[in-house]
Structures are given as structure tokens and as C-alpha cells.
Amino acid sequence: MDGYAQFDFDVVVVGASFAGAACALAAREAGLRVCVLERKHDPGIRLHTTGIIVAEAFSQTRLGRMPPSLYREVPRVRLYAPSLDSLQLQADDYAFLTTDTPNVLRWLAEEMRNAGVDLRLMQSFTDAQRDGAGWRITGLGSTRWLIGADGAKSRVAQRAGLGLVDAFLYGVEHEFHGAALAEPDALHCFISRTLAPGYIGWAAQSPTGVQLGLAFRHRPDRHGVPDIDGFRARIGAALGVPSTLQPDATRAGLIPCGGPVERLAAPGVILTGDAAGIVSPLTAGGIHSAWAHGDAIGRAIAQHRLGADVTPERIAERAAPRFRVKRGLRWAFDHLQLDWPVNLLLHSPLLRRAAEQVYFHRRGRHRADA
């Protein structure tokens with residue numbers, strides 16, 4: 001335990017998003033001295049996440065404590081073929097949650113402050129040097145553990161010589177405040193190799209309006225950005241989002257899709273969240289996985305601080321989901337995607353079962369197609 005006393009902090013987390021907050025809260029609630037660095041002056045601005053949460057994240061983590069005003073249950077999925085023919089999917093007692101994401105992250109910031117985390121907004125991580133078993137961080141002080149939760153282009157990973165994310169989707173999402181979908185209780189997902197090669201388009205009703213987005217597989221030979229205006233021109237009117245409606249906010253950015261980086265930990269330093277590639281290669285869902293991974297790291301460090309015979313770096317490696325099946329499906333989506341089989345097989349039992357596994361992780365409840 002004396003090995004910690006020489007440092008200013010037990011844990012410094014770089015990044016105040018979901019994985020960083022989970023790690024910070026777990027460590028702080030065990031009594032550790034925790035500091036979180038966030039380069040933005042407001043954690044709720046310039047976001048890259050859609051903020052759509054799976055049921056497990058809400059029921060199994062601290063996210064289930066968020067105020068009801070910050071989320072909306074969406075119990076169904078409507079899956080569209082390139083022809084725009086659609087299939088409705090649903091599972092018993094299962095719902096996705098759309099969120100007022102900016103305010104969810106502001107709520108998490110308050111949760112950290114209330115727990116006693118030293119949250120420092122407008123303070124970027126610029127550099128760090130080895131300091132015995134820990135790190136000395138430029139402009140801050142020393143810490144026994146340095147946690148990189150600073151996104152897919154992690155500066156912590158670069159400084160510490162850890163693995164770098166090298167496979168991405170590129171997504172754009174428009175928000176329409178106060179708008180309403182014609183079918184608000186469904187997560188609308190569009191498969192189209194023309195508009196979204198290697199991924200999908202989506203639309204969902206959130207607590208504040210409508211989220212409508214489009215993403216494609218990012219590659220050196222694919223130029224430009226997703227044609228979200230063309231996407232909305234094709235599907236917007238049917239959904240209730242006409243092309244004349246102007247977005248109130250836009251999110252855009254790279255989304256990891258290659259699975260965990262090969263080296264996400266080294267002595268005294270660990271990556272989590274997007275920095276570690278803890279994002280589903282197939283669906284790009286990452287909030288639940290990121291929270292679980294960040295929480296596992298925070299708990300492991302707390303156990304180590306209290307003298308338990310644990311190795312947080314090893315626990316971080318083991319806690320990272322490998323996504324083996326989804327990585328295989330990612331390869332198939334990248335190399336074999338065609339529109340006509342989806343049009344042909346949309347209502348087949350095979351495609352339905354596959355979609356239910358992707359969205360609900362189990363066999364869904366059959367619903368009559370609308």
C-alpha cells in the first residue's frame with residue numbers, strides 16, 4: 001500500500017465519457033483518489049455516440065439510475081431491406097433506450113463530482129513520463145495508474161506505446177429537436193450497400209426529438225462522407241422526417257469496428273472504451289461493453305490498492321470482449337455485402353433468426369409484419 005502513497009493520485013482517467021466515468025466511479029467508491037481529465041468545457045458537447053443503450057446496460061449498471069427525463073424506451077426494431085420492404089422484430093421484456101445523450105453525460109459528470117472524483121474540465125492530456133511504478137502527467141502531477149478513455153485516436157495509447165485502433169466506420173447523425181417519427185416505438189434500421197456500405201442507416205425517437213444517421217465502412221479508397229441528405233430524401237417522408245426539416249444538431253466521427261486492440265495494457269497504464277476498441281465490430285454498439293470494461297478496471301485497481309493479489313492489467317485484458325463471431329461477420333459485411341439477397345430473404349426464418357441474435361442476443365417474439 002505504501003507504493004501508492006508517493007503519488008498525488010491513485011488513478012487518473014483521461015476522458016469523461018461512459019468508459020471513463022465507469023472506471024472513475026468504481027475506483028472512487030472504493031475510496032481511491034481519482035482525477036478525471038476532460039478536454040472539453042462541457043462533457044455534453046461534440047459527441048460521437050448515438051447514445052442508444054441496450055437493455056442490459058440499463059438493468060445491470062449505474063446507468064439505470066439516470067433520471068427518467070433522460071431516456072425513452074424503444075421496444076421494437078424495424079429492419080428495412082434496400083427495397084424498403086421491412087420486417088418487425090421484438091423480444092419479450094426487452095427494449096432499447098434512446099437518450100438525451102448530452103444531458104446523460106452531464107449527469108454522469110455530476111455523479112462523479114458527488115462521489116468525490118476530481119473532475120477537471122478544459123484540461124487536456126498532453127504528455128506523461130514514467131515515474132517509478134506510475135506516471136507523471138504534464139500539468140497535473142503523479143498517478144499510480146493512468147487510464148486512457150480518450151477515444152479512438154487515443155493520445156494515451158500513443159504516449160504509452162499501446163495498441164492503436166486501425167479499423168473504423170464513419171458515421172453522421174442529424175438531430176431534429178421536437179420532431180416525431182410516424183412509428184416512434186421502433187428503432188428503424190436500413191441495410192443498403194449503396195447508401196451505407198459495410199454498415200446501416202438508422203432512425204429513432206429520442207426524449208428530445210428524432211435521431212437520424214448513416215454510416216459506412218471507412219477505407220482509404222472510399223472518399224467523402226455518408227450521403228445523409230440522400231438517405232433522408234429517400235426515407236424521411238415515410239418516417240415523418242421530411243426533407244424540408246432542418247437538423248438542429250449534427251454528430252459525426254470515426255467509430256472503431258475492429259475489436260479490441262492487441263495491446264491495451266502495460267504496467268501502470270490501461271486503455272478502455274473506444275481507445276481500446278471495446279466496440280462491437282458488427283453493430284458499433286459500445287456503451288454497455290465500455291461501461292462493463294471501465295468498471296472492471298476501476299474495481300481491479302481498487303482491489304490492488306487494498307492489497308489483494310490481483311493484476312489490473314491482466315484483468316483489463318481478460319475483461320475485454322473478443323467479439324470473435326462479430327469480427328467474422330464484420331469481414332463478411334466488408335467483402336460480401338450485396339443488396340439482392342437481403343431483398344429476397346428479408347421475411348425468411350433464416351434472416352429473422354439472424355437479426356434477432358444481433359439485436360436481442362436470443363430468439364425474439366414473432367410479430368406480424370406491418
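Here a biologist and a modeller talk through helix packing and empty spaces in this predicted model.

Biologist: What should I keep in mind about the model and its numbering?

Modeller: Residues are numbered from 1 along each chain as its sequence is written, and side-chain values use heavy atoms, with hydrogens and water left out. As this is a predicted model, local features need pLDDT of at least 70 and side-chain atom pairs count only at pLDDT 80 or more, while totals for chains, interfaces and linings use all residues.

Biologist: Why is α2 called roughly parallel to α7?

Modeller: Helices here are DSSP runs of H or I with at least four residues, strands are E runs of at least two, and both are numbered from the N terminus. Helix α2 covers residues 18-29 and helix α7 residues 287-305; their axes come within 7 Å and cross at roughly 30 degrees. Axes are lines fitted to C-alpha atoms, for helices over the stretch in contact, and angles run from 0 to 180 degrees between N-to-C directions. Angles under 35 degrees count as roughly parallel, over 145 as roughly antiparallel, 65 to 115 as roughly perpendicular and the rest as oblique. That is why α2 is roughly parallel to α7.

Biologist: Which residues of α2 and α7 meet?

Modeller: With contact meaning heavy atoms within 4.5 Å, F18, A19, A21, A22, C23, L25, A26 and A27 in α2 meet I287, A290, W291, G294, D295, I297, G298 and R299 in α7. By class, this contact has 12 nonpolar, two polar and two charged residues. Ala, Val, Leu, Ile, Met, Phe, Trp, Tyr, Cys and Pro count as nonpolar, Asp, Glu, Lys and Arg as charged, and the others, Gly among them, as polar.

Biologist: What makes α2 and α4 roughly parallel?

Modeller: Helix α4 spans residues 101-115, and α2 packs with α4 at an angle of about 20 degrees, with their axes 10 Å apart. Set against the parallel cut-off, this angle makes α2 roughly parallel to α4. On the α2 side the contact is made by F18, A21, A24, L25 and R28, and on the α4 side by V104, L105, L108, E111, M112 and A115. These residues divide into nine nonpolar, no polar and two charged.

Biologist: And why is α7 called roughly antiparallel to α8?

Modeller: The axes of α7 and helix α8 (residues 312-319) come within 9 Å and cross at roughly 160 degrees. Against the antiparallel cut-off, that makes α7 roughly antiparallel to α8. Here H293, A296, I297, A300, I301 and H304 in α7 meet P312, I315, A316 and A319 in α8. The contact has eight nonpolar, two polar and no charged residues.

Biologist: How do you know where empty space is left?

Modeller: Rolling a probe the size of a water molecule over the atoms shows where empty space is left. On a 1 Å grid over the protein atoms alone, a cavity is a set of points where a 1.4 Å probe fits but cannot get out, and a pocket is an open set with protein on both sides within 12 Å along at least five of seven lines; lining residues have an atom within 4 Å of a point. Grid points are joined across faces, edges and corners, and a volume is the space filled by probe spheres set on the points.

Biologist: What volume does the largest cavity have?

Modeller: About 70 Å³. Of its 14 lining residues, F190, I191, S192, L195 and F231 are the closest to its centre.
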